[in-house]
Amino acid sequence: QVQLVESGGGLVQPGGSLRLSCAASGRTSSSYKMGWFRQAPGKERDLVTSIGWSTGITYYADSVKGRFTISRDNAKNTVYLQMNSLKPEDTAVYYCAARRVGVLSWEYWGQGTQVTVSS
């Protein structure tokens with residue numbers, strides 16, 4: 001089992017920045033892929049970005065390319081999502097997720113953290 005705990009959400013004005021953190025504990029290992037999803041009211045939960053825990057290879061959805069950056073700190077077992085130039089359409093609950101490499105579905109989820117972009 002892997003436990004994920006997100007933090008760092010909040011209210012920010014358009015154009016502002018936030019950094020989300022996802023602390024992983026339990027049976028973590030380098031053979032995991034970590035991801036950030038988001039879900040806006042009335043919409044599906046979508047993958048925003050992901051990173052290979054050992055490879056560092058990243059993926060970004062087109063909507064966040066050039067604005068969001070995912071990173072990880074192996075020593076702290078923590079994944080970060082730096083969000084810059086935030087837009088109102090970035091408003092959503094953001095979830096951290098993890099899956100083992102080779103497993104197609106995301107296996108572990110955090111509780112989510114609300115990000116609201118509004119003036």
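**Exercise 1. Decide whether Asp90 is buried or exposed in this predicted model.**

Step 1. Start with the relative accessible area of Asp90, which is 1%.

Step 2. Compare that value with the cut-off: buried means under 20%. Asp90 is therefore buried, given its 1%.

**Exercise 2. Find the salt-bridge partners of Asp90 and work out which parts of the chain they connect.**

Step 1. A little background helps here. Side chains of opposite charge can pair when their charged atoms come close.

Step 2. Take Arg67 as one partner of Asp90: the closest N and O atoms of this salt bridge are 2.7 Å apart. The two residues belong to distant parts of the chain, 23 residues apart, with Asp90 in the loop between strand 8 and strand 9 and Arg67 in the loop between strand 6 (58–60) and strand 7.

Step 3. Check the burial of Arg67. Its relative accessibility is 10%, so Arg67 counts as buried too.

Step 4. Now turn to Arg38, which also forms a salt bridge with Asp90, at 2.9 Å between the closest N and O atoms. Arg38 sits in strand 4 and Asp90 in the loop between strand 8 and strand 9, so this pair ties together parts that lie 52 residues apart in sequence. Both Arg38 and Asp90 are buried.

Step 5. Put the pairs together: through shared partners, the salt bridges join Arg38, Arg67 and Asp90 into one network.

**Exercise 3. Count the salt bridges, and examine the one formed by Asp62.**

Step 1. The model has four salt bridges within the 4 Å cut-off.

Step 2. One of them pairs Asp62 with Lys65, and their closest N and O atoms are 3.2 Å apart.

Step 3. For the setting of Asp62, look at its relative accessibility of 65%. Exposed means over 50%, so Asp62, at 65%, counts as exposed.

**Exercise 4. Characterise the disulfide of this structure.**

Step 1. Count first: there is one disulfide. It is formed by Cys22 and Cys96, whose sulfur atoms are 2.0 Å apart.

Step 2. Read the handedness from the torsion. The angle about the S-S bond is -75 degrees, and the link of Cys22 and Cys96 is left-handed.

Step 3. Place the two ends. Cys22 belongs to strand 3 (residues 18–26) and Cys96 to strand 9, so the bond ties together parts that are 74 residues apart in sequence.

Step 4. Finish with accessibility: Cys22 and Cys96 are both buried.

**Exercise 5. Describe the largest pocket and its lining.**

Step 1. Its volume is about 170 Å³.

Step 2. The lining has 13 residues, and the closest to the pocket centre are Arg38, Ala40, Lys43, Asp46 and Glu89. You have already met Arg38 as a salt-bridge partner of Asp90.

Step 3. Ask which elements give two or more residues to the lining: these are strand 4 (32–39) and strand 5 (46–52). Strand 5 supplies the largest share, three residues.

Step 4. Sort the lining by character: five residues are nonpolar, three polar and five charged.

**Exercise 6. Inspect the positive phi angles of Asn77 and Ser85.**

Step 1. Asn77 has phi near 55 degrees, a positive value in a residue other than glycine. Asn77 lies in the loop between strand 7 (68–73) and strand 8 (78–83), and it is partly exposed at 23% relative accessible area.

Step 2. Ser85 has phi near 50 degrees, again positive in a residue other than glycine. Ser85 is found in the loop between strand 8 and strand 9 (92–100). With 41% relative accessibility, Ser85 counts as partly exposed.

Key
Residues numbered from 1 in each chain as written. Predicted model: local features only at pLDDT ≥ 70, side-chain atom pairs only at ≥ 80, totals over all residues. Heavy atoms only, no water. Helix = DSSP H or I, 4+ residues; strand = E, 2+ residues; numbered from the N terminus. Buried < 20%, exposed > 50% of the residue type's maximum accessible area, 1.4 Å probe, protein only. Disulfide = S-S within 2.5 Å. 1 Å grid on protein atoms, 1.4 Å probe; cavity = no way out; pocket = protein on both sides within 12 Å on 5 of 7 lines; lining within 4 Å. Points joined across faces, edges and corners; volume = space filled by probe spheres on them. Nonpolar A, V, L, I, M, F, W, Y, C, P; charged D, E, K, R; others polar. Salt bridge = Lys/Arg side-chain N within 4 Å of Asp/Glu carboxyl O.
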